[in-house]
Each structure stands twice: as structure tokens, then as C-alpha cells.
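Biologist: I'd like to learn how to read a model like this one. Could you take me through it feature by feature?

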Amino acid sequence: MHRFSFEDFRHAKRLRETLRALSEHPNDSVPQATQQASKSQSIYRFWSNPRIQARQILASHRPSVVARVNAERVVLAIQDTTDLDFSSLQQTSGLGFICQTQQQGIKVHSCFAVSGDGEPLGVLHQHTWSRAERAGKRQSRRQRPTGEKESQRWLDTLTAAEPGVDDSVCLVHVGDREADIYDLFVQPRRAHSELLIRAAHNRKVEGELGYLIPTLAQAPIQGQLSVEVARNPQRPARQATLTLRAMTLTIAVPRNGKQAPAAQPVQLNAVLAEETQPPADGSQPIRWMLLTTLPVETFEQACQCVRWYSRRWLIERFHFTLKSGCRIEQLQLETAERLCNALATYSIVAWRLMWLTYHARVAPDDACDAILQTAEWRLLRRRFEPKNRSKKPPTIRQAVRWIAQLGGFLARKGDGEPGLKTLWRGLGVLHHLLEGAQLAAKR
């Protein structure tokens, strides 16, 4: 048993029941999801129980995550931070600053496991905290050691993500520019653990040019690679053609940092992936400077690094699912501890929604009984194909499209495949219909 598992089996049972209710109605409030005051109160009591901690909730999820991780050859352990805004909860205790304004809420740093092919595997670790004051000035932050700064979360999360992972699995720790930390590059890691970090600083490096950007820019071109770039608030989704340069270089010990006296330069591989032609839609051209411990001796190795980094958007999708799909910021609880318990619960729900969407796209022709219960797919068939009397379950693609249609997906010829939004809305409608059918059958 995991050392953070529940001591009382009733708590584990309550969590399973809570996950079932919230997974069936991810876009609904707790009262809407349960449809009964007593069941709603049991969920709220579970989150407010002083014997329940968020780490216990996620610890109950971790064994299954590690099992999925150990079934893969390559796993991306993607880290990222997001803010949960609870500014409307003026009476909630334990909240803190989340930016340079008066907004209050909780800071959340997650490590989300994804297979090398992009399958969501689950949450390996999650760290939450509340700022007692606004972030300090950049110059003063540089004068403090990493252990005294919020940057330490990257190092702690790397360490927390690794236990239980087999040595046969190549675990690639992926981070954006916030993870460009010298102490992270020299952090001890398990065997077959690698780093893939987007550079933020023009670091001092050994060589004639002396700094990272000009040194990497003069590396020979290895070739071009086309990657799919996910949409974000600043750009639409598109295909990008990237020119790749790669080389090995030695990063100097930061001059302004507070490293240990024995700190030494560290050798890393670097890849520069950039669009040399401006995108037709007018968005900002991509320019990724990646620092990694993965080999980049060949063009294919450099391409693999870029492909794996391009999957970093999946943790942004995870945060989007938490906020828009599970509506985590709409909760009204009295303490930050209760909100963190709810966050841990909904993190498991968000992973399941992403996993369901993934399988609908990569295994569309498989039978849907791998992801849906018999009562669920039979109800869908009665709703959309009332004359079909087949006992064979429909495909995953067909079932997911039916669920999405319940959530507003029009399923026209040119509409493509449904997304997360219509899927989570449709799941709620499906289970309301299922509950109604079950009640009618009891009469």
C-alpha cells in the first residue's frame, strides 16, 4: 500500500463513488451531478474531512498511473504551473495572491504523464501553494538560492515523479521556459531519466561566441520538420515547418546565482527549431531553443526531441479541462484545503476525459465496450438508431460522436471529430438520460 493511502477503507470507497458521479457529469455542479442532497453532502463532507488530504487522493490514483507508465517504452513527464482564480470567495481562508494584482486563489504545479505517442496516462504529482505576498522583484530573486524560491517546485516534482517507474522506461521530463534552471540540469535523476527543457536565458557557454543564442544559431542546419502546433489564445492550430539546428555545448555555472561552491559546468545537447517563413495567418513564428540530455547526433534524434516537446501542450489541455470542463474555479468551499481536495479529485476526472477523447481518435474502430458500460452504449443506440437491434457494441468513434451530439456537436460532414467541450457536456446528458431510464424501469 502507498504510504499516503487512506487509513480508513470507507474513505477510499467514498472517493470511488465521488469520482463516478463527477466523471459522469463533469460539467455540472456537485448538486447537479448527484441529484440528491444527501449525496452532495457526502462529497462536501469528504472534501472537508480533516483526515483527508489532497496527496492521499492523488496517491490512490498513482498506482494505476505508474502501471500505465511501466507499460510504455517512452513516457513524457510534463510539468507546468497554472493559477486557480477564487477571487469571488472573499470568506474562504488560506487563499493567496496569484499574480501582481489583487486576485486571490491557489497556485498549482502538476506533472502529467503522457506516452511518447501522446496518450494521457495520468497525474504523477501535483503541488499546490498560496502566496502570502506578491512575487518579489526579479533582481532580488536572483540573489536567493533555488531552495528558497518557488522554482524549487520543478526540482521537487522531478524527484516525486520517478518512484515506481521501471528502469526500462525512458522518462523524459519536459518543461517550458520557467524550467530553464541550472539546478534542475544538475538535479540527480534515476537511470534512463532525461531532460527536455525550453531555454529562456541566453546562458554563458564555453566557446568562441560565449553565449547560447549566437552559438546555437551558427550550428549547421540538419533539415526541416513539419509538426502540428496546437491552438492557444494567441494562435490557431496549424502545421508548422521548422528548420532544425543541433549541437552539444557546455553551460557555465550562473554568475549571479547562489549555487554550491562545488558547482561545475554541465554539458547538454541543444536544438534550435524555428520557422524561417512567417505563418500565413499572421501569428508569431515558432522559435524553440531546447536544452536536453537526449542525444541529438542525428537528424532523426533532433526531430524526436522536437516532436516530444510539441506534446507539451497536453498539460495545458489538462488545465483547460479542469477549468472549463470540470469548472473547478466555480466551486464555493470555505477553506483552501477543501479546494485542494476537490482539485485532486477533479484532476483524476480531467485525465479520464482526456483519455476518452484520445482513444476515440487513435482507436476509432475498436468496440466501445472498452470505454463504456453496456447500459451506456445501449442507451446511445436506442437514442440515435432506434431501429437497430444488434447486440454488438458500436465502435468507439460512433459512440463518442453520439455522446458529443448530446452535448451539441452537429456531426455534419465537414465538422471533423468532436472536441473535449462537447464530449464533457454530452457525458452529463447521457447519464441524466440513463438515470431516467433506470428509474422508469423500476416502476
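Modeller: Sure. Let's begin with the radius of gyration, which is taken over C-alpha atoms; the globule rule is 2.2 Å times the number of residues to the power 0.38. Keep in mind that this is a predicted model.

Biologist: What radius of gyration does the chain have, and what would a compact globule have?

Modeller: For 443 residues the rule puts a compact globule near 22 Å, and the chain has 24 Å, so the two agree. Along its principal axes, the C-alpha trace spans about 85 × 50 × 40 Å.

Biologist: How many helices and strands does the chain have?

Modeller: There are 14 helices and ten strands. For contacts with a separation of 6 or more, 64% join residues 24 or more positions apart.

Biologist: And what about burial?

Modeller: A residue is called buried under 20% relative accessible area and exposed over 50%, with partly exposed in between. Buried residues make up 50% of the 443 here. As for the surface, about 22,100 Å² is accessible, and carbon and sulfur atoms own 48% of that.

Biologist: How far apart are the mean positions of the positive and negative charges?

Modeller: They sit 6 Å apart, for 61 positive and 43 negative charges.

Biologist: Now the inside. Which residues have the most contacts within the largest nonpolar core?

Modeller: A nonpolar core is a set of buried nonpolar residues joined through side-chain atoms within 4.5 Å. The largest one here has 90 residues, and Trp47, Val172, Leu242, Val306 and Tyr346 have the most contacts inside it. Helix H11, residues 336-362, supplies the largest share of this core, with 16 residues. There's also a second, separate core of 24 residues, and Leu155, Phe185, Leu212 and Val266 are among them.

Biologist: Let's zoom in on valine 172. Which residues is it in contact with, leaving aside neighbours within four places in sequence?

Modeller: Valine 172 touches the run Val74, Val75, Leu76 and Ala77, plus Glu194, Leu196, Leu294 and Trp308.

Biologist: Is arginine 401 buried or exposed?

Modeller: Arginine 401 has a relative accessible area of 11%, so it counts as buried. You'll find arginine 401 in helix H13, residues 396-406. Once neighbours within four places are set aside, its contacts are Phe409, Ala411, Arg412, Gly416, Glu417 and Pro418.

Biologist: Is proline 50 buried or exposed?

Modeller: Proline 50 is exposed, because its relative accessible area is 75%. Its home is the loop between helix H3 (37-48) and helix H4 (54-70). The C-alpha atoms of proline 50 and phenylalanine 97 are 24 Å apart, with their positions 47 residues apart along the chain.

Biologist: What about threonine 101?

Modeller: At 37% relative accessible area, threonine 101 is partly exposed. The loop that holds threonine 101 runs between strand S2 (96-97) and strand S3 (104-115). C-alpha to C-alpha, threonine 101 and glutamate 162 are 36 Å apart in space and 61 residues apart in sequence.

Biologist: Last one: how should I read the sign of phi?

Modeller: Most residues other than glycine have a negative phi. Glutamine 35 has a positive phi of about 65° although it isn't a glycine. Glutamine 35 lies in the loop between helix H2 (30-34) and H3. Arginine 327, also not a glycine, has a positive phi near 55°. Arginine 327 sits in the loop between helix H10 (313-325) and H11, and its 35% relative accessibility makes it partly exposed.

Key. Residues numbered from 1 in each chain as written. Predicted model: local features only at pLDDT ≥ 70, side-chain atom pairs only at ≥ 80, totals over all residues. Heavy atoms only, no water. Helix = DSSP H or I, 4+ residues; strand = E, 2+ residues; numbered from the N terminus. Buried < 20%, exposed > 50% of the residue type's maximum accessible area, 1.4 Å probe, protein only. Contact = heavy atoms within 4.5 Å. Areas by Shrake-Rupley, 256 points an atom, 1.4 Å probe, with all protein chains shown as cover. Lys, Arg positive; Asp, Glu negative; His and termini not counted. Charge placed at Lys NZ, Arg CZ, Asp CG, Glu CD.
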